[in-house]
Amino acid sequence: MAKTGSEIQDDIYQLLRQSTLTGTLTGKVYKDGYRPRDSGKEDAIVIFTAGVPGQIESGIVTVNIFVPDIDPYDNGIWVKDGERCGQIEAEAQKWVDSITAGVIPGYIIRLNTTIHTEEEPAIRQHFVVIKLKYKYANS
């Protein structure tokens with residue numbers, strides 16, 4: 001039976017919630033649209049990005065992990081917390097390595113792009129981007 005985007009998002013959400021990666025974050029794991037707007041924590045957001053139906057479904061799920069910017073000189077100039085972003089990128093890679101080993105029945109998951117960090121200046125945060133390519137075999 002084919003899975004919907006919400007079901008695929010739920011599967012990745014559950015995998016992330018059960019991972020050691022979330023234990024290293026100061027925030028929580030949310031599905032797209034549910035993160036509190038004023039959160040200043042390291043929250044992970046799971047987003048169903050794209051999918052193609054078929055006997056073998058395929059698509060992309062994105063996980064963004066927000067990292068608050070810092071004001072290192074206490075002068076009102078906010079910058080990326082590069083050290084923390086690097087730590088989260090490394091922990092994210094460990095998580096990806098664990099799920100690409102085939103731990104989800106029916107799924108084959110691979111990293112779609114290199115894990116990296118992007119800027120969200122409107123909220124003085126950066127976010128680590130994890131784009132996962134999945135294939136799901138209908139049974």
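I started at tryptophan 95 in this predicted model. Setting aside neighbours within four places in sequence, I listed the contacts of tryptophan 95: Ile12, Leu15, Leu16, Ser19, Leu21, Val63, Ile130 and Leu132.

Next I looked up the cores. The largest nonpolar core holds 29 residues. Trp95 is among its members with the most contacts inside it, along with Ile12, Val63, Ile65, Ile109 and Ile130. I then checked which elements feed this core. At least two residues come from each of α1 (5-17), β2, β3, α2, β4 (107-111) and β6 (125-137). α2 gives the largest share, six residues. I also noted another core, apart from this one, with six residues. Tyr30, Phe66, Phe127 and Val129 are among them.

Then I turned to the strands. β1 (residues 29-31) pairs with β2 (residues 44-52) in the parallel sense, over three bridges. Here valine 29 sits opposite alanine 44 of β2. β2 also pairs with β3, this time antiparallel, over eight bridges. In β3, valine 63 is the residue opposite valine 46. β2 and β3 make a hairpin, and three residues lie between them. I checked the turn: glycine 54 has a positive phi of about 155°.

Last, I went to the surface. Ile70, Ile77 and Val79 make a nonpolar patch of about 220 Å². I placed valine 79 in the loop between β3 (56-68) and α2 (82-99). Is valine 79 buried or exposed? I enter it as partly exposed, because its relative accessibility is 34%, and the range for that class runs between 20% and 50%.

Conventions:
Residues are numbered from 1 along each chain as its sequence is written. This is a predicted model: local features need pLDDT of at least 70, side-chain atom pairs count only at pLDDT 80 or more; totals for chains, interfaces and linings use all residues. Side-chain values use heavy atoms; hydrogens and water are left out. Patches are made of residues with over 30% relative accessible area and no salt bridge: like charges are joined within 9 Å, nonpolar side chains (Val, Leu, Ile, Met, Phe, Trp, Tyr) within 5 Å. Accessible areas come from the Shrake-Rupley method with a 1.4 Å probe; for residues, only the protein chains shown count as cover. A salt bridge is a side-chain nitrogen of Lys or Arg within 4 Å of a carboxyl oxygen of Asp or Glu. Helices (H or I, at least four residues) and strands (E, at least two) are DSSP runs, numbered from the N terminus. Buried means under 20% relative accessible area, exposed over 50%, partly exposed in between (1.4 Å probe, protein chains only). Two strands pair if DSSP finds at least two bridges between them. A nonpolar core is a set of buried Ala, Val, Leu, Ile, Met, Phe, Trp, Tyr and Cys residues joined through side-chain atoms within 4.5 Å. Contact means heavy atoms within 4.5 Å.
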